[in-house]
Every structure is written in structure tokens, then in C-alpha cells.
Amino acid sequence: MKSSRFDATVLTLGFAFLYIPIIILVVYSFNASKLVTVWGGFSLQWYRTMWSNQGLMDAAWVTARVGVISATIGTVLGTLAALALVRFTRFHGRMLFSGMIYAPLVMPEVITGLSLLLLFVAVGIDRGFWTVVIAHTTFTMCYVAIVVQSRLLTFDLSLEEAALDLGCPPVKTFFKITLPLIFPAVIAGWMLAFTLSLDDLVIASFTTGPGATTLPIKIYSQVRLGVTPEINAICTILIGLVTIGVIIASISTKQTEMRRIRDEHVAARGTT
Amino acid sequence: MAKSLGPVKRKFSPWADPSAVPFIRFENITKRFGTFTAVDNLTLDIYEREFFSLLGPSGCGKTTLMRMLAGFEEPTEGRILLQGKDISGVPPYRRPTNMMFQSYALFPHMTVEKNVAFGLEQDNLPKGEVAARVEEMLKLVKLEQFAKRKPNQLSGGQRQRVALARSLAKRPKVLLLDEPLGALDKKLREETQFELMDLQTKLGLTFLIVTHDQEEAMTVSDRIAVMDKGLIMQVATPAEIYEAPNSRYVADFIGDINILEGTVTSTDSALGMPGSVRIDCDGIAVSVEQECQAVKGDKVAFAVRPEKVRISPDQPADISANAVYGEVWDIGYLGDFSVFLVKLADGRVVRAAQANVSRLVDRPITFGDMVWLTWPLDAGLVLTR
């Protein structure tokens with residue numbers, strides 16, 4: 001009993017450490033008072049004013065577009081990289097290529113950001129929306145590659161061979177057999193890429209230019225002038241979106257699992 | 001061989017006809033993976049409508065050989081001819097062969113129907129024709145009512161039949177089966193073996209099967225190639241492989257056999273029969289009726305199957321040759337057969353199998369009994385390799 005009380009305490013403290021800051025943020029987004037630290041009663045006014053804060057809304061729109069575009073390009077490139085790494089086990093420079101895919105994961109963001117900035121300056125590209133998209137693509141594709149790679153490692157190659165054997169050319173085989181089967185991993189990679197793009201501050205602030213302020217940059221710059229309840233409100237919405245995403249993902253995983261179990265029961269009976 | 005060996009499955013032996021043109025020809029095929037040689041300068045002919053087995057332990061190169069025919073691997077050296085045409089460099093999706101995979105490789109995201117239709121759709125056949133052929137195939141494997149199921153809603157045996165239907169749907173010239181029945185339980189496997197033979201005869205196709213299960217190979221094949229370390233040890237009918245193995249390896253690999261090492265003492269006709277060979281197997285005098293290349297003094301092996309060895313508590317009339325005396329050391333009761341392990345005075349063990357023809361025996365042989373083992377002149381054979 002002693003140890004279980006200890007466990008409970010540790011668990012409570014751990015969760016408190018993780019969630020109290022977020023709870024405070026959410027609670028204060030419903031604060032009627034403009035002062036961030038004083039509770040002035042329940043109100044939704046900051047959610048209303050948030051919508052009319054043009055700067056914040058513009059930034060949100062930029063972030064959404066950067067996220068969708070960079071996640072999509074990153075997913076395509078990352079999936080191709082994963083295929084190359086898993087399928088061509090014996091090409092020259094595989095080790096190097098493999099290492100280079102992982103490097104950006106451990107590279108300090110400041111360095112990634114700075115080096116991209118130097119690149120854009122050297123090449124002479126005007127920094128703005130597309131430079132942020134390129135920057136996000138380069139670092140999110142690595143995450144996609146790793147997610148897809150782990151799925152491909154357990155992929156039964158004889159499925160592709162069977163398709164080839166039945167007369168399906170390689171490219172068509174990829175789209176008819178491989179892609180549909182690894183699609184959950186590709187989608188998971190896209191979601192991860194989108195989320196990473198959504199909350200990146202460091203790389204975006206290095207590579208952005210006028211007219212392409214992302215939401216994290218906007219929030220950060222506003223916070224330096226003082227936290228407003230509007231910021232709390234938009235953060236609460238972001239938290240809500242992420243939470244819904246996680247819940248949907250876990251429900252669909254659960255359902256897939258349950259369907260699998262049901263199928264196996266049907267199979268075990270062996271009849272209609 | 002003067003005498004015919006065992007039963008024949010059906011009257012079919014194109015390999016014995018020198019004018020017959022092989023359907024598939026592996027010509028001096030070598031396949032290396034890095035420094036490992038999987039297939040070593042191998043030449044093999046397979047005839048149309050033949051049910052041919054590649055049999056061997058894992059790593060003997062049998063699967064590699066099949067995958068080269070399917071087009072998944074290219075030979076390092078040599079060429080493969082299909083109906084006289086060199087198919088080297090032809091990609092798998094343009095070869096008139098279809099394969100049934102060991103894992104079945106059913107597409108999990110498609111229904112049974114879609115799986116079977118997949119190959120036909122690649123040929124851009126009209127929809128009606130595809131549907132008709134799918135129906136025909138599902139009927140053939142008795143899975144009509146499962147058309148709309150996904151593979152994971154089927155039992156192992158049903159999946160195996162879907163895989164078979166899918167690989168047969170395109171009416172390939174050659175059907176390749178990679179350990180097709182390995183995942184099924186014994187009873188189902190035996191049933192399916194007969195279904196396969198039936199299908200092969202009915203459809204008139206050439207079947208090439210890879211297996212490590214010798215019983216399976218014996219049951220289904222017209223001819224078997226026994227492989228070891230990338231080489232073919234013997235190609236022959238199941239009966240020949242069993243009754244006249246050409247080497248210690250084949251004799252030992254197929255079925256149960258007693259092998260006694262010895263030296264040829266004479267090859268005359270001392271026993272009044274032509275071609276008789278006498279061997280001294282460290283004190284056991286063996287006499288065999290066999291035409292044989294061996295000459296006096298050669299180191300050879302004498303091999304005899306346990307079911308051809310008679311066991312009796314009574315001393316036989318003639319003990320000058322082909323008779324040993326020993327103690328029953330162990331008995332393996334298999335139901336239809338009992339296998340007796342008899343330990344000789346020098347410690348060697350000779351096995352004898354006896355069919356349990358009657359339920360009750362007056363004087364059953366049991367542990368510790370002293371018995372005589374004898375075999376006729378034509379029961380065993382001399383192995384020089």
C-alpha cells in the first residue's frame with residue numbers, strides 16, 4: 001500500500017507539472033478582466049476581439065498555409081526518401097544518406113535556421129512566405145521519412161512481388177498496393193509535419209520576411225509587449241485543435257484494432 | 001533399371017523421350033549473392049504439363065531457382081529458356097509465369113474477388129470477362145460465397161485457396177508454388193495436395209513447386225529434383241528417388257534408411273545371379289543384386305530401407321549374408337507401422353519397420369528381445385557417391 005501511495009503522488013505531481021500551466025492559460029482565456037493575473041469573472045469577449053484582431057488572423061492564415069504546403073511537400077519527399085532507404089539496401093553512400101536524414105532531428109533549430117538564412121541570402125532569394133515553406137519542408141521531411149521508414153520495415157515485400165508477378169508494372173504497383181497499405185503511416189507523417197510546422201518559432205523567425213509572419217512569431221512578438229487575454233484565447237483554440245486531433249487518432253486506432261479482432265473471430269469460425 | 005520401380009502416378013514421361021522439347025530449360029545457371037553461391041552451374045529441363053518439385057533443405061537454392069524463373073532475380077551466369085526463348089532480362093510483369101507465394105501475399109486492402117481479378121485487370125480485359133473468370137476461379141477453389149470478404153476474414157486454408165485462384169486466374173504457362181502448403185495443418189495439407197494434383201491435371205498446366213517437405217514432393221510430383229548447396233543431386237520420379245537414390249545424400253534425405261559403410265569384396269556372380277556385389281560392412285556380410293560400377297576394394301555404402309528389413313526372433317536358414325543379430329533397443333509405435341531399433345553387438349543400430357497388419361499378435365517382439373534382421377538380395381542398394 002505504501003508504494004501505491006507513492007506511485008499516486010508521483011503521478012499527480014507529474015501530471016500537475018505538465019498540465020497546470022496549460023490549465024492556467026485556458027482558464028485565463030475566459031477571464032473578463034484585461035489583467036492577466038486577476039480573475040474578473042467568466043467572459044468570452046477575448047474570443048470575439050481575437051477574430052477582429054487582423055494581425056493575429058493574418059498570422060494564423062499564413063501559418064495554416066505554410067503548414068499545409070510544407071507538410072504536403074515534406075510528406076512526398078520524406079516518403080520517397082524512406083522508400084530509397086528501405087528498399088535499396090546496398091547503394092553507395094547509403095550510410096551517409098541515412099545519417100543525413102537523421103541529422104536534422106538532433107540539429108539545434110538555431111543552426112538549421114541560421115544556415116537556411118545564409119543560403120537564402122547567398123542565393124539571393126527574397127525572404128517571405130516561400131522561404132518559410134522551404135525551410136519547414138526541409139526539416140519536416142526528415143520526420144516523415146522516419147515514420148514511413150518504420151512502417152516500410154514491416155511491409156511484406158512479397159505483396160509487391162505478387163503484384164509485379166500478376167503483370168502490374170512497378171510504378172502502378174506502388175500506387176495500387178504499396179501506397180494504400182502504408183497510407184496510415186504517410187498520413188501520420190503528414191500530421192506530424194503539419195504540427196511541427198505549426199508550432200515552429202525559431203526556424204520561421206530566421207527565414208521569414210515581411211508579410212509572412214507566422215502565428216508563433218506573432219504571439220512571441222506580442223507577448224514581449226505583455227500577455228493579452230487574446231493570446232490566451234488563440235492558444236486555447238490551438239490546444240483544442242490538437243486535442244481533437246489526438247482524440248480522433250486514438251479512436252480510429254482503437255476501431256481498427258477492434259475490427260481486426262472481429263475479423264479474426266470470423267476467420268476462426270471459418271464459415272459465413 | 002531392368003525392373004520397374006514402384007507405382008506410376010499416370011502414364012506420363014516426356015523426360016524419357018529423347019525427341020521431347022523441354023518447356024523450361026535452366027542452362028548452366030549460376031547465381032551469386034556477394035560471395036555466397038546460391039545456385040551453382042545448374043542445368044535442368046522441365047517438360048510441359050509436368051508437376052515438378054524442387055526439394056531440399058533451406059538454403060539449398062531451390063527458392064532462388066524459382067525466383068529466377070519468375071523474374072525476381074537475374075542469374076549471374078547462364079540463361080533460362082521458356083519454350084525455347086531466352087527470358088533473361090524480361091521483367092516479372094511481362095513473364096507468362098505466375099507464382100503462389102509462401103506467405104500467400106494476398107492484398108489485405110482488397111476483397112477476395114478483387115484479389116483474384118487483379119492480374120486480369122492488368123491485361124485490360126473487358127469487365128464482363130474479368131467477372132466471369134473470377135467467378136470461374138472462385139468456383140474452382142470452392143470459395144464463391146467468400147467473394148466479398150477481405151483476406152483477414154478468412155481462415156488459413158481459405159487464404160491458401162484464394163492465393164491459388166489468384167495465381168491461376170491468368171492461366172499462366174507455368175505456375176510456381178513456393179512452399180504452398182507449409183502453413184496448413186497436416187490433415188488439410190494432405191487434402192490440398194490431392195486437390196492440387198487434380199487441378200493440375202484438369203487445367204493441363206506445368207507446375208513447379210518448391211518444398212522442403214519430402215512427403216509433399218513425393219505425393220504430388222511427376223519428377224523431383226533433390227537439391228543441396230546449389231547443386232542438383234538427383235532428378236527422378238518419386239519412386240526412383242525413394243527406391244534408387246543415387247547418393248548417400250539423397251538416400252538419407254528422403255525417408256528413413258539404414259546406411260552401412262563398407263568395402264566391396266567381390267563383384268562376381270558367386271551367388272548365381274548376374275551383377276551381384278558383395279560388401280563387407282565392418283563384419284556384416286552384405287550381398288546385393290545390382291548393376292554397379294564399383295570394383296573390389298572400393299569404399300561404398302550399403303543402404304536399405306527399414307520396411308524392407310524383416311525382423312524375427314528365429315534364426316534364418318542362411319546367415320552367411322544379409323543377416324544381423326541384435327537386441328531390440330527401442331520401439332517406435334506409429335500406429336500403422338512399428339519401427340524397431342536393433343542394437344548389434346558392436347553398438348551399431350539397424351532399423352526395421354513392420355506393418356501392424358493384425359491388431360493382436362501372439363508373440364510380440366518387445367524391448368530387450370534378441371532378434372534376427374534379414375533382407376533379400378534386391379532390398380538394398382550400393383551407393384558409390
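What percentage of the 272 residues in chain A is buried? Buried residues make up 31% of them. Keep in mind throughout that this is a predicted model.

**Stop 1: chain A as a whole**

Select chain A and colour by secondary structure. The chain holds 11 helices and 0 strands. Read from the N terminus, its elements are therefore α-α-α-α-α-α-α-α-α-α-α, with nothing else in the run. Its radius of gyration is 23 Å, well over the 19 Å expected from the globule rule for 272 residues, so chain A is more spread out than a compact globule. Turn the C-alpha trace along its principal axes, and the spans come to about 70 × 65 × 40 Å. Next, consider the contacts in chain A with a separation of 6 or more: 76% of these link residues 24 or more positions apart.

**Stop 2: the side of chain A that touches chain B**

Now show both chains and select the residues in contact between them. Chain A contributes 20 residues and chain B contributes 23 residues. On the chain A side, pick out α7 (157-165), α8 (170-198) and α11 (229-269), each of which supplies at least two residues. Which of the helices gives the most to this side? That is α7(A), with 6 residues. Colour the chain A side by residue class, and the division is 11 nonpolar, 4 polar and 5 charged.

**Stop 3: the sheet of chain B**

Hide chain A and select the strands β6, β7, β8, β3, β9 and β10 of chain B. These 6 strands form an open sheet in the order β6-β7-β8-β3-β9-β10, with mixed pairing. At the edges are β6 (97-100) and β10 (231-236) of chain B, each pairing on one side only. Looking across the sheet, the twist from one strand to the next averages 20°.

**Stop 4: the β6 edge**

Zoom in on β6(B) and its partner β7(B), residues 174-178. How do these two strands run, parallel or antiparallel? They run parallel and are joined by 4 bridges. For one position in this pairing, select Met100(B): its bridge partner in β7(B) is Leu177(B). As background, strands of a sheet pair through backbone hydrogen bonds, either parallel or antiparallel.

**Stop 5: the helix over the edge**

Keep β6(B) and β7(B) in view and add helix α4 of chain B, residues 156-168. Helix α4(B) lies across both strands. Compare the N-to-C direction of α4(B) with that of β6(B): the helix runs at about 175° to the strand.

Conventions: Residues are numbered from 1 along each chain as its sequence is written. Chains are lettered from A and ligands numbered from 1 in the order in which they are written. This is a predicted model: local features need pLDDT of at least 70, side-chain atom pairs count only at pLDDT 80 or more; totals for chains, interfaces and linings use all residues. Two strands pair if DSSP finds at least two bridges between them. Axes are lines fitted to C-alpha atoms, for helices over the stretch in contact, and angles run from 0 to 180 degrees between N-to-C directions. Two residues are in contact if their C-beta atoms, placed from the backbone, lie within 7 Å. Ala, Val, Leu, Ile, Met, Phe, Trp, Tyr, Cys and Pro count as nonpolar, Asp, Glu, Lys and Arg as charged, and the others, Gly among them, as polar. The radius of gyration is taken over C-alpha atoms; the globule rule is 2.2 Å times the number of residues to the power 0.38. A residue is buried if 20 or more other C-beta atoms lie within 10 Å of its own, exposed if 12 or fewer, and partly exposed in between; C-beta atoms are placed from the backbone.
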